[in-house]
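Subject: Structure for your review

Dear colleague,

Please find below the structure that I am handing over to you. My notes on what was found in it follow directly after.

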Amino acid sequence: MRSPQQILADAAVIAVVGASRDPRKAAHSVPLQMQRYGWRIIPVNPTADELFGERVYRSLAEIPEPVDLVDVFRPADDAVDVVREAVSIGAPAVWLQLGIVSPEARRIATDAGIDYVEDRCLIVERAAAGLTRLG
């Protein structure tokens, strides 16, 4: 299993499930900041059409390209289905944001052999490791 920092270093494309239109929410500011540091963000939200200058998809299954990391901004109860969907699209890693913990989601990811991180924030880990994808 890769460390959280290694997962971020290896990822170029991050699908963000639960990306928000509300700039006051972490589900908006975190993906926006990751995008500013050079990651490609693909938002997943059933009620928006465009976020961060990118087309929004209703589900992970609709994304027409490979995803390196699925970042989850949904309640723990929803994380189980998101992890199942991440496994089904062949995502190599799933990341549950700060405050989101799900033993069942962890088991599904572990059984599928994909990297799993929970209760950690992408931007905190990015900053701690000094990571960027810019030139």
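D119 sits in the loop that links strand 7 (115–117) to helix 5 (122–129). Please bear in mind that this is a predicted model. The phi of D119 is positive, at about 60°, although D119 is not a glycine. Most residues other than glycine have a negative phi.

The surroundings of D119 can be described in some detail. Leaving aside residues up to four places away in sequence, D119 touches L96, Q97, L98, G99, I100 and V101. With V101, the separation is 18 residues in sequence, while the two C-alpha atoms are 5.9 Å apart in space. With G99 there is a polar contact: the side chain of D119 reaches the backbone nitrogen of that residue at 2.7 Å. Is D119 buried, exposed or partly exposed? Its relative accessibility is 36%, and because this value falls between the limits of 20% and 50%, D119 counts as partly exposed.

A second residue with a positive phi that is not a glycine is F52, where the angle is near 55°. F52 is placed in the loop between strand 3 (50–51) and strand 4 (54–55). At 13% relative accessibility, F52 counts as buried.

F52 leads on to helix 2, since F52 is one of the residues that H28 touches. H28 belongs to helix 2, which covers residues 26–36. Which other residues does H28 touch, not counting those up to four places away in sequence? They are S20, R21, D22 and P23. With S20 there is a polar contact, in which the side chain of H28 reaches the backbone oxygen of S20 at 2.8 Å. H28 has a relative accessibility of 13% and therefore counts as buried, the limit being under 20%.

H28 is not alone in this within its helix: the buried residues of helix 2 are A27, H28, V30, P31, L32 and M34. These buried residues pack against helix 1 (4–10), strand 1 (13–17), strand 2 (40–44) and helix 5. After helix 2 comes G38, with a positive phi near 105°.

I turn now to the protein as a whole. Its secondary structure consists of five helices and seven strands. Read from the N terminus, the order of the elements is α-β-α-β-β-β-β-α-β-α-β-α. The radius of gyration is 13 Å, close to the 14 Å that the globule rule gives for 135 residues, so the protein is as compact as a globular protein of that length. Along the principal axes, the C-alpha atoms fill a box of roughly 35 × 35 × 30 Å.

As to the interior and the contacts, 49% of the 135 residues are buried. Of the contacts between residues at least 6 apart in sequence, 62% join residues that are at least 24 apart.

The surface and the charges complete the description. The accessible surface amounts to about 6,500 Å², and carbon and sulfur atoms account for 49% of that area. There are 15 positive and 19 negative side chains in the protein, and the centres of these two sets lie 4 Å apart.

With kind regards

Technical notes. Residues are numbered from 1 along each chain as its sequence is written. This is a predicted model: local features need pLDDT of at least 70, side-chain atom pairs count only at pLDDT 80 or more; totals for chains, interfaces and linings use all residues. Side-chain values use heavy atoms; hydrogens and water are left out. Helices (H or I, at least four residues) and strands (E, at least two) are DSSP runs, numbered from the N terminus. The radius of gyration is taken over C-alpha atoms; the globule rule is 2.2 Å times the number of residues to the power 0.38. Buried means under 20% relative accessible area, exposed over 50%, partly exposed in between (1.4 Å probe, protein chains only). Contact means heavy atoms within 4.5 Å. Accessible areas come from the Shrake-Rupley method with a 1.4 Å probe; for residues, only the protein chains shown count as cover. Lys and Arg count as positive and Asp and Glu as negative; His and the chain ends are not counted. The place of a charge is taken as NZ of Lys, CZ of Arg, CG of Asp or CD of Glu. A polar contact is a pair of N or O atoms within 3.5 Å; within protein, one must be able to donate a hydrogen and the other to accept it, and residues adjacent in sequence count only if both atoms are side-chain atoms.
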